[in-house]
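Me: I would like to go through this structure by asking, for each label put on it, what that label rests on.

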Amino acid sequence: MTLRDVVDEDLPIFFEHQRDPEGLRMAAFRSRERDAFMTHWRTKVLRPENVTRTVVVDGVVVGYISCWDQESKRLIGYWIGREHWGKGIATRAVSAFVELVPTRPLHAWVALHNVASIRVLEKCGFRAVLTQEPHHPDEVAEVLMELRST
Ligand SMILES: CC(C)(COP(=O)(O)OP(=O)(O)OC[C@H]1O[C@@H](n2cnc3c(N)ncnc32)[C@H](O)[C@@H]1OP(=O)(O)O)[C@@H](O)C(=O)NCCC(=O)NCCS
C-alpha cells in the first residue's frame, strides 16, 4: 500500500467508488453527478491547504484519503472501492496518513452505523468523543472520532 499525490486520471475511479450504493449507505452520503463531482474535487478537495492522497495497492488505485479544515477542526475522510474492502487497506492507509499529517487533534465524523470505519479509526488510535443525533429524518446519528497527540 502506498499513498501518492492525486492525478487527474484518478478522479473517474473515485467517481465510480462514490456511486456504489453499499458504500453510500455505509458513509450516509449522497453521490454527486459526474460534473458536480469533478468540480468539487478540482476546486475544493484538491485545494493546496488540504492534504489528499491516492491509495495504491500493487499498482492499482483503490481509493483516497484526505484531510481538510471544517468548523475549527482538521477532519479526515477516505473511501476505498468495494472490490478492495476487508483486506486491511483502509487501516494501513489511515495509519500512514496520520504519520504524514502531524496535526493533532485530528477528527473524523462517521455514521454511527458505519462499524467498519469506526473500527478502522480505533485501530489507528482514534477514540469516540461525541455522538450527534440526527436533526432531520433524512440524517443519521454520527460519531466524532478523535486522534490526540500521544
Ligand atoms: C469503511 C471502509 C473505509 C473500510 O475499508 P477496508 O479497507 O475494508 O477496512 P479494513 O479492511 O482496513 O478494516 C475494516 C475493519 O472493520 C471490520 N468490519 C468490517 N465490516 C464490519 C462489520 N459489519 N461489523 C464489524 N466490523 C466490521 C473488519 O473486520 C476490520 O476490522 P478487523 O481488522 O479488526 O477485523 C470502506 O468500507 C469504505 O470505503 N466504505 C465506503 C466509504 C466510507 O464509509 N468511508 C468512511 C467514511 S467516515
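Me: To begin with the fold, what pattern does the protein chain follow when read along the sequence?

Reply: In this predicted model, the protein chain runs β-α-α-α-β-β-β-α-β-α-β-β, a succession made up of five helices and seven strands.

Me: What makes the protein chain as compact as a globular protein of that length?

Reply: The globule rule gives 15 Å for 150 residues, and the radius of gyration of the protein chain is 15 Å, close to that value, so the chain is as compact as a globular protein of that length. Taken along the principal axes, the box filled by its C-alpha atoms is roughly 40 × 35 × 30 Å. Of the contacts with a separation of 6 or more, 57% join residues 24 or more positions apart.

Me: Why is S72 called exposed?

Reply: A residue counts as exposed if 12 or fewer other C-beta atoms lie within 10 Å of its own, and S72 has 6 such neighbours, so the label exposed applies to S72. Its place is in the loop between β3 and β4, and its C-alpha atom is separated by 18 Å from that of A128, 56 residues apart from S72 along the chain.

Me: Turning to the interior, what share of the residues count as buried, and which members of the largest nonpolar core touch the most other members?

Reply: Of the 150 residues, 23% count as buried. The largest nonpolar core has 26 residues, of which I65, I76, Y78, A93, V94 and L121 touch the most other members. At least two residues of this core come from each of β3 (60-70), β4, α4, β5, α5 and β7 (142-147).

Me: Which residues does L121 touch, not counting those up to four places away in sequence?

Reply: With those sequence neighbours set aside, L121 touches V94, A108, V110, F126 and M145.

Me: How many residues surround the ligand, and which are the closest?

Reply: The ligand is surrounded by 22 residues, with G23, W85, A90, T91 and A116 the closest. Two or more residues of this shell are given by each of α2 (21-27), β4 (73-80), α4 (89-100), β5 (106-111) and α5 (115-123), and the largest share, five residues, comes from α5.

Me: How do the residues of that shell divide into nonpolar, polar and charged?

Reply: The shell around the ligand holds 13 nonpolar residues, seven polar ones and two charged ones.

Technical notes. Residues are numbered from 1 along each chain as its sequence is written. This is a predicted model: local features need pLDDT of at least 70, side-chain atom pairs count only at pLDDT 80 or more; totals for chains, interfaces and linings use all residues. A residue is near a molecule or strand if its C-beta atom, placed from the backbone, lies within 6 Å of it. Helices (H or I, at least four residues) and strands (E, at least two) are DSSP runs, numbered from the N terminus. Ala, Val, Leu, Ile, Met, Phe, Trp, Tyr, Cys and Pro count as nonpolar, Asp, Glu, Lys and Arg as charged, and the others, Gly among them, as polar. The radius of gyration is taken over C-alpha atoms; the globule rule is 2.2 Å times the number of residues to the power 0.38. A residue is buried if 20 or more other C-beta atoms lie within 10 Å of its own, exposed if 12 or fewer, and partly exposed in between; C-beta atoms are placed from the backbone. Two residues are in contact if their C-beta atoms, placed from the backbone, lie within 7 Å. A nonpolar core is a set of buried Ala, Val, Leu, Ile, Met, Phe, Trp, Tyr and Cys residues joined through C-beta atoms within 7 Å.
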